[in-house]
Amino acid sequence: MAGFLRKLTINVENLSQDKCAFVFSGENFESGGWKDQRTQRITDFAALELESQSLFSGLSGYVVFSNTDHSQLLTMAFTVPITTAPCFSARCGASLHGKDLLSRVPDLARPGTGLRREAGCAWETQELTDEHVTVRLVVLPPEGAKLPEELERRLAKARYCRSVLTDQNQASTAPRMTFVERRMVLEIDNRSEENMILDGDFFDSGSWCGAKVACLETGKVSRLEFASDEVFRGLTGLMWFVSEKSLDTYFSLVFSNPLTTSATFNAWAGPPPAELLQEMWTAPAVPAKGVQVPNGQGCAWNVLEHGSVVHIRVIILEELA
């Protein structure tokens, strides 16, 4: 009968502002409970261990932690049933979520499928078996705060939890979800000797805004526009052009304008980068202002606008890299 036991481990990483401690504030279990002793405090890290406590009912409930002045409430809702898929969601903010969140908690994604997020936190599945589920939960700092580089990149690609679509504000101070479109406008001034023909593109999120620009004519300025196309994701993509006649010179671009982190951009004219997709994930942040002339990349650019719309003018230099 041991095969009917269900366990849940929630590994909480606290990256909140000043890493303020969260203390236990409440719980409600429809079935199951804490494995041994209840976790009383979350500082930098804590592992919450929960399990079913009868053979046929699984684990279901929510737990709540709060900071010292109760201005931030961390709620984790979960179900790990006997016969159906385990579910998890979390919130961290000024509003209390409990039974309402538990009633619509979505299925957990499989390990390796990326982060899910909501305002104030993000999570991913680390282990998913019939008997044991392990979730990594990161409590996030306020928007704009510095994050570890890898986490910042992954957050830019994270999908919002499906339960956010049915969230009901519990207080006037609760944050409201609004769709803010992300755009990228690139003016390409082709000063090379040949037209550059679009040879390929890839979008992790977003797409062309309007018709594709198939040719960057020599001696002219071409306008490329891209936009996000999902409610909870920004814009991330890459593309490359090749010289029309000689077919031996490339113009390559990578860019992003995510919802929650800094926009990024990079470009090369001449030989293409060895791994353009990797360059997309590691591109540098778009500077607030100033002309950029990277050494050996065959092009230069100037940021004209920064924000929900990023506008950059790029020059393909006559003397290519």
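Buried means under 20% relative accessible area, exposed means over 50%, and partly exposed is in between, with a 1.4 Å probe and protein chains only. The model here is predicted: local features need pLDDT of at least 70, side-chain atom pairs count only at pLDDT 80 or more, and totals for chains, interfaces and linings use all residues. Residues are numbered from 1 along each chain as its sequence is written, and side-chain values use heavy atoms, with hydrogens and water left out.

**Exercise 1.** Work out whether L247 is buried or exposed, and find where L247 sits.

*Solution.* Start with the accessibility: L247 has 54% relative accessibility, so L247 counts as exposed. Next, place L247: the loop between strand 18 and strand 19 holds this residue. (Strands are DSSP runs of E, at least two residues, numbered from the N terminus.) Finally, check the backbone: phi of L247 is near 55°, a positive value in a residue other than glycine.

**Exercise 2.** Find the stacked pair formed by F226 and say which parts of the chain the pair ties together.

*Solution.* First, the rule: rings of Phe, Tyr and Trp (its six-membered ring) pair if their centres lie within 6.5 Å; planes under 30 degrees apart are stacked, over 60 edge-to-face, and the rest tilted. A search of the whole structure turns up nine aromatic pairs. One of them is F226 with F255, stacked at 4.7 Å centre to centre with 20° between the planes. Now the location: F226 is in strand 17 (residues 221-227) and F255 in strand 19 (residues 250-257), so the pair ties together parts 29 residues apart in sequence. Both F226 and F255 are buried. To finish, widen the view: ring pairs link F203, W208, F226 and F255 into a cluster.

**Exercise 3.** Identify the residues that touch the most other members of the largest nonpolar core, then follow one of them outward.

*Solution.* A nonpolar core is a set of buried Ala, Val, Leu, Ile, Met, Phe, Trp, Tyr and Cys residues joined through side-chain atoms within 4.5 Å. The largest one has 28 residues, and L224 and F251 touch the most other members. Several strands give two or more residues to this core, including strand 13 (183-190) and strand 14 (196-205). Strand 23 gives the most, with four residues. Now take F251: skipping neighbours within four places in sequence, its contacts (heavy atoms within 4.5 Å) include I188, M239, A267 and V314. Step on to A267, which lies in strand 20 and, at 0% relative accessibility, counts as buried. The C-alpha atoms of A267 and G298 are separated by 8.5 Å, though these residues are 31 apart along the chain.

**Exercise 4.** Determine which strands stand at the edges of the open sheet 4-2-6-7-8.

*Solution.* Strands pair if DSSP finds at least two bridges between them. Five strands form this open sheet, with antiparallel pairing. Strand 4 (41-42) and strand 8 (87-93) each have a single partner strand, so one side of each is left without a neighbour in the sheet. Check one join: strand 2 (residues 22-31) and strand 4 pair in the antiparallel sense over two bridges. In strand 4, R41 is the bridge partner of V23.

**Exercise 5.** Find the side chain with which the N11 side chain makes a polar contact.

*Solution.* Place N11 first: strand 1 (residues 7-14). At 17% relative accessibility, N11 counts as buried. A polar contact is a pair of N or O atoms within 3.5 Å; within protein, one must be able to donate a hydrogen and the other to accept it, and residues adjacent in sequence count only if both atoms are side-chain atoms. The partner is the side chain of Q126, at 3.1 Å.
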